[in-house]
Amino acid sequence: MKNLLILFISALIFSCSEKYQDTVNVAGDYQIIPKPEYLKAANGRFLLAPDTKIISDSVLLGEAAYLKESIENSSGRKIQIGSTEAKRNVIILEVDSKIEHKEGYQLSVTNKRVLISASTNQGVFYGIQSLLQLLPIDDKSDTIPTKDVTIPAVQIEDQPRYGYRGMHLDVGRHFFGVEYVKKYLDLIAMHKMNTFHWHLTEDQGWRIEIKKYPKLTEIGAYRKGTAIGLAGSRNAPYTYDTIPYGGFYTQEQIKEVIAYAAERHITVIPEIELPGHSLAALAAYPELGNGTGPYEVAKRWGIFTQIYAPSEETFQFLEDVLTEVMALFPSKYIHIGGDEVIKKEWEESAYAQSLIKKEGLKDEHELQSYFVQRIEKFLNANGRDMIGWDEILEGGLAPNATVMSWRGVEGGIAAAQQHHHVIMTPGTHCYFDYYQEAEENRIEEPITGSKRHTTVEKVYSYEPTPSELSQEEGSYILGVQGNVWTEYMPTWEQVEYKVLPRMTALSEVGWSSPENKNWDDFRWRLQQMAKRYDTFGYNYAKYVIDDK
């Protein structure tokens with residue numbers, strides 16, 4: 001009797017899959033973001049049936065587990081990981097060394113099976129992301145599913161344009177716990193981005209546990225209050241609440257985040273700010289300053305004159321901190337900030353002036369270059385490379401530094417012309433703390449510290465490789481990154497609102513070739529992506545999608 005039941009179910013499943021073999025699919029079935037390099041639609045659909053199994057090479061078991069969980073979460077259907085050699089009703093993940101690009105993949109769907117091939121685990125993972133976007137929306141149910149879940153037949157061959165596709169998050173101004181950082185990583189993964197730039201130290205808070213210097217988190221992680229509203233302008237003097245604010249990540253939590261990111265093939269790059277944006281550290285260890293204390297963890301936003309002294313004690317402190325950071329983060333790059341350094345204290349410091357004279361430096365700009373180059377030598381000696389904001393160009397660029405160009409594109413052009421690697425993240429197109437629309441078109445957006453705005457269309461229009469560069473110089477442009485500064489984002493819901501849908505537009509900038517991009521086509525596909533935002537409970541600026 002049991003065998004007869006099994007045969008009946010198998011025959012029923014075979015019959016169901018066959019009924020979709022001639023289904024005519026439409027363009028709306030293939031709304032993938034970022035847009036694949038090559039996509040050929042076909043007739044037929046693959047049915048997710050009760051006995052559908054995921055079959056993978058042994059090195060891809062992690063990706064198989066991720067796919068299983070993702071399908072179950074998005075469709076409500078249970079699916080198994082199997083070892084059967086069945087030829088139909090299976091989703092196959094395989095390594096194919098013939099696929100040259102390490103992040104490239106091929107995805108083939110017929111009514112009989114799904115096949116994702118790549119030369120690396122990372123490539124397979126990106127194939128999975130495309131497959132998940134082919135699943136129908138709104139079929140998830142808390143009850144027993146009754147509606148067929150099918151995937152349209154297709155042949156996709158795809159690879160990214162740039163090797164660096166990143167998102168930044170400032171947790172110094174406002175702190176977000178591990179559960180929110182993981183949600184951010186899920187968004188990064190969904191968009192086929194591969195880098196998370198974690199801005200961990202600021203004037204307003206030090207957010208990473210350093211065991212050798214416990215006061216960094218005992219004192220530096222907490223401020224006594226926070227500026228209220230749009231404070232600090234000519235017509236709005238600073239006012240503060242008196243609510244203590246802070247938080248930090250333990251080293252165990254850092255490891256947890258890095259492991260979660262690694263499962264999603266995301267590199268986590270830590271940023272430890274120096275020599276400016278260091279007030280929280282100076283509040284904990286005032287001896288590292290230029291004798292202008294007492295210091296206090298900043299309660300307001302903006303730039304501060306208090307910076308590290310260029311002393312041997314400071315360099316020893318920073319090397320100790322970075323040693324612990326490198327032990328936690330396996331990333332090739334360590335970001336050291338280097339931006340917005342007001343040099344007034346060095347101009348007035350007898351020690352700093354004597355060091356300028358001793359080292360034969362011209363001025364305080366070259367002193368900053370000296371400071372940064374010492375840190376770079378230490379990182380290089382430990383097998384790491386340094387990234388800094390484009391101010392590190394001033395006074396002479398460190399020999400092996402990678403530049404993150406944020407004050408427009410000029411810094412990126414200058415660095416590439418000097419044959420230094422560059423990550424493009426200009427405020428004009430890649431700062432997601434700006435308003436999403438011009439004031440006359442804005443609907444109930446949370447306040448931000450700048451009157452500037454960056455629309456989804458403007459983000460989408462960005463070309464990361466400047467036309468001023470030769471072909472050789474253009475090869476130094478590693479990629480693109482979106483930045484999220486959180487002065488005016490006290491809640492995670494506001495972070496999501498600011499990021500989405502601009503992050504989605506940027507993902508296509510980093511992945512798709514220029515000739516494969518089209519604003520009207522993207523805007524159409526974005527409507528479908530918005531439904532996925534809704535399905536997964538993301539908060540986003542609906543009006544910038546709905547009104548288009």
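Biologist: How many nonpolar, polar and charged residues are in the lining of the largest pocket?

Modeller: The model is predicted, so local features need pLDDT of at least 70 and side-chain atom pairs 80 or more, while totals for chains, interfaces and linings use all residues. Residues are numbered from 1 along each chain, and side-chain values use heavy atoms, without hydrogens or water. Ala, Val, Leu, Ile, Met, Phe, Trp, Tyr, Cys and Pro count as nonpolar, Asp, Glu, Lys and Arg as charged, and the others, Gly among them, as polar. The lining then has 13 nonpolar, seven polar and eleven charged residues.

Biologist: What volume does the largest pocket have?

Modeller: A pocket is an open set of points on a 1 Å grid where a 1.4 Å probe fits, with protein on both sides within 12 Å along at least five of seven lines; lining residues have an atom within 4 Å of a point. The volume is the space filled by probe spheres set on the points. For the largest pocket that gives about 840 Å³.

Biologist: Which lining residues are the closest to its centre?

Modeller: The lining of the largest pocket has 31 residues. The closest to the centre are G449, S450, R452, E487 and Y488.

Biologist: In what order do the eight strands close into a barrel?

Modeller: Strands are DSSP runs of E, at least two residues long, and helices are runs of H or I, at least four. Two strands pair if DSSP finds at least two bridges between them. In this barrel the pairing is parallel, with a twist that averages 30° from one strand to the next. The order is β8-β9-β14-β15-β16-β17-β18-β19.

Biologist: Which residue in β17 stands opposite G388?

Modeller: Strands β16 (385–389) and β17 (402–405) run parallel, joined by three bridges. Opposite G388 stands V403.

Biologist: At what angle does helix α8 run to β14?

Modeller: Helix α8 (312–328) lies across β14 (267–274) and β15 (333–337), where contact means heavy atoms within 4.5 Å. Angles between N-to-C directions run from 0 to 180 degrees, with axes fitted to C-alpha atoms. Here the angle is about 170°.

Biologist: Where is the cis bond that leads to P294?

Modeller: P294 lies in the loop between α7 (279–284) and α8. Omega is about 5°. The bond joins G293 and P294.

Biologist: Is H277 buried or exposed?

Modeller: H277 sits in the loop between β14 and α7 and has a positive phi of about 50°. Buried means under 20% relative accessible area, exposed over 50%, partly exposed in between (1.4 Å probe, protein chains only). At 5%, H277 is buried.
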